[in-house]
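Subject: Structure handover

Hello,

Here is the structure I promised to pass on. Please open it first, then read my notes below.

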Amino acid sequence: MSTIVQKFGGTSVATAERVKAAARRIAATKNAGHDVVAVVSARGNTTDELYELAYEISPCPSERELDVLLASGEQISIALMAMALHALGLPAISFTAAQVGIVTDTSHTKAKILRIDASRMKRELEQGNIVIVAGFQGVTEDMDITTLGRGASDTTALAIAAALGAEMCEINTDVRGVFTADPRIVANARLLDRISYDEMLELASLGAGVLHSRAVELAKKFNVPLRVRSSFEEAPGTLVCEEVEEMEHIVVRGAAMDTTEAKLTLRGVPDKPGVAAQILGTIARKNISVDMIVQNIGREGKTDLSFTVKKSDLDTALKELNRIKEEVGAEAAESDPRIAKISVVGVGMRSHAGVAEKMFAALARENINIQMISTSEIKISCVVGEENAPRALEALHETFELDKQESG
Ligand code: ADP
Ligand code: ASP
Ligand code: MG
C-alpha cells in the first residue's frame, strides 16, 4: 500500500477546530486507501512562548535543557491529533521522535538527523494505524532530547518520507503553496504550480520560510515528490519536483528576503597572504558559519574584510574579531545587525545573461545602496540596509514581472 506523509504546521493546529480539520484531511487520505504518517508542529506560537519562558528564567539557558523544553510543544500536538482521529473513529497512535528512533547528532537546538529506525512506524502502519509523529525533535545515541532548528518539522516529515519510501510528502500550511515571494510582504506575489528542487532549495536557504531548507535537500536527495498546500482549502498547491527542460525558459522563478544575518567588518587589515584565512579560521573554530564575504582592493598595504553571520552568532563573532584584530594588527572591528539579504532565484539564469545588471538597476532606481553581492549558478543575492528590504523585494518582484510569468 502506498504511504503518504502529511505534515501540519503550527498555524494549522493552533485551535481545537483546526486540529479537527487537519484530522479530517488525514482521515480522508486514509479512507482513500493510503497508509498515513502525520507529522505535526507545536500549536500556534508555542515554540516562541517556550523560548521566551526560558529566557525569563535565565539569560543563557543550557541548550540541552532548552531542547527538553522546546520539544514539549510538539508532544502536545501529537496527542491531540491522535485524539481527534479517534473521535472520527479511526485507529491512530502518537509517537515522540525518541519512540520512533529519529536519531540525531548532539548539536542541541540545531541537531542533524543521522538515521531513522522505521521498524516501529512500519509495524503500526501494517496493523492499520495512522501514525502521528512529533516534528522538530530528535534523540541522541545517549537518548538526550534534541531539536532540529526553527521550522524543522518539515525536515522531520521529509526524513520520514524518505525512510519509508513514501509516495508523496505533503506540507500543509497557512498559505496556498509556494509563491514567487513571501505573500505577506509582496501583495501581488503569484502562486507557483511547480518549482524545481534546486530553485526551492535556494529560495528556502535564502529566507523563504515556507519550507525548511534541509527538508528540500532530503526531498531532492531521495527523490520524494513534495507538495506544499493550504491546510484550509482543497487545492493542489505547489509541486516541488525534478527540473524539466521548460523550467529553463523562466529566468527568475522567485525572490526572497532574509533578515536573520548581521555584517561584521575588520578595517585596516594588513593586505598579505594568509590573513583572510587566519580571520575566518578563528570564526570557524567557534563553529560559526560565515555566509557572504567581501574583501576590498588593498590600498597602501591595508584592506577591509566584511562578512555575514547569523544574528544569533553575532556577539561571539564580534568578540573573536576584536581578539583577532590585535593579533593581525588590524585597525577596527565593527558590526551591523541592521542588514537584510535580498535574492532572486531561477534555473533559467544558467542560460540567460543580464540578470545581475537588471537587479542592480532596479535597486538603484529605488535609491537602495548595495553593500555586498554574491552569486551562484541560479541565484543573485545583495545585502542592503534592513529598512530598505521590503521595498527592495517588491522592486525586484516588479522588475522581473514575477506576478505575470507563466510557470515553466
Ligand atoms: P508552518 O507553521 O505551517 O510551517 P511557516 O510560517 O513556517 O508555516 O511557513 C509559512 C509562511 O512562509 C507563510 O505564512 C509565508 O508568510 C512565508 N513565506 C515566505 N516566503 C514564502 C513564499 N515564497 N511562498 C509562500 N510563503 C512564504
Ligand atoms: N515548532 C517548531 C518551530 O516553531 C518547528 C516547526 O514549526 O516546524 O520552529
Ligand atoms: Mg514552517
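Let me start at ligand 1. An oxygen atom of this ligand lies 2.6 Å from a polar side-chain atom of Arg184. That is a polar contact, meaning a pair of N or O atoms within 3.5 Å; within protein, one atom must be able to donate a hydrogen and the other to accept it, and residues adjacent in sequence count only if both atoms are side-chain atoms. On its own, ligand 1 has 580 Å² of accessible area, and the protein covers 86% of it. Such areas come from the Shrake-Rupley method with a 1.4 Å probe; for residues, only the protein chains shown count as cover.

Before going on, some ground rules. This is a predicted model, where local features need pLDDT of at least 70 and side-chain atom pairs count only at pLDDT 80 or more, while totals for chains, interfaces and linings use all residues. Residues are numbered from 1 along each chain as its sequence is written, chains are lettered from A and ligands numbered from 1 in the order in which they are written, and side-chain values use heavy atoms, with hydrogens and water left out.

**More on ligand 1**

Asp174 also takes part: a polar atom of its side chain is 2.9 Å from an oxygen atom of ligand 1. Gly10 uses its backbone instead, with a polar atom 3.2 Å from a ligand 1 oxygen. In total, 16 residues surround ligand 1. The closest are Thr173, Asp174, Phe179, Asp182 and Arg184. To be near, a residue needs one of its heavy atoms within 4 Å. The shell splits into seven nonpolar, five polar and four charged residues. Here Ala, Val, Leu, Ile, Met, Phe, Trp, Tyr, Cys and Pro count as nonpolar, Asp, Glu, Lys and Arg as charged, and the others, Gly among them, as polar.

**Ligand 2**

Nine names to find here. Ser41, Ala42, Thr47, Glu74, Phe136, Arg150, Gly151, Ala152 and Ser153 surround ligand 2. By class, that shell holds three nonpolar, four polar and two charged residues. Arg150 places a polar side-chain atom 2.7 Å from an oxygen atom of ligand 2. The side chain of Ser41 has an N or O atom 3.4 Å from a ligand 2 oxygen. Ala152 offers a polar backbone atom, also with a distance of 3.4 Å to an oxygen of the ligand. Alone, ligand 2 exposes 260 Å², and the protein buries 86% of that.

**Strand E9 and its partners**

Strand E9 covers residues 168-173. Strands (E, at least two residues) are DSSP runs, numbered from the N terminus. Six of the six residues of E9 are buried, so the strand is largely enclosed by the rest of the structure. Buried means under 20% relative accessible area, exposed over 50%, and partly exposed in between (1.4 Å probe, protein chains only). Met168, Glu170 and Asn172 point one way from E9, while Cys169, Ile171 and Thr173 point the other way. Thr173 is also among the closest residues to ligand 1.

E9 runs parallel to strand E1 (residues 3-8), with five bridges between them. Two strands pair if DSSP finds at least two bridges between them. Ile4 stands opposite Met168. Strand E11 (residues 226-230) is also parallel to E9, again over five bridges. There, Asn172 faces Arg229 as its opposite residue.

E1 also holds Lys7. Lys7 counts as buried because its relative accessibility is 8%. Its side chain makes a 2.7 Å polar contact with the side chain of Asp154.

**Strand E20**

What about E20 (residues 379-385)? Seven of its seven residues are buried. E20 pairs with strand E18 (residues 339-345) in the antiparallel sense, over seven bridges. Lys341 has Val383 as its bridge partner. Strand E19 (residues 372-376) is antiparallel to E20 too, joined by five bridges. A hairpin through two residues links E19 to E20. Ile373 is the bridge partner of Cys382.

**Cysteines**

How many disulfides does a search of the whole structure find? Zero. The cut-off is a pair of cysteine sulfur atoms within 2.5 Å. Cys382 is buried, at 0% relative accessible area. Cys60 counts as exposed because its relative accessibility is 63%.

Best wishes

Technical notes:
Helix = DSSP H or I, 4+ residues; strand = E, 2+ residues; numbered from the N terminus.
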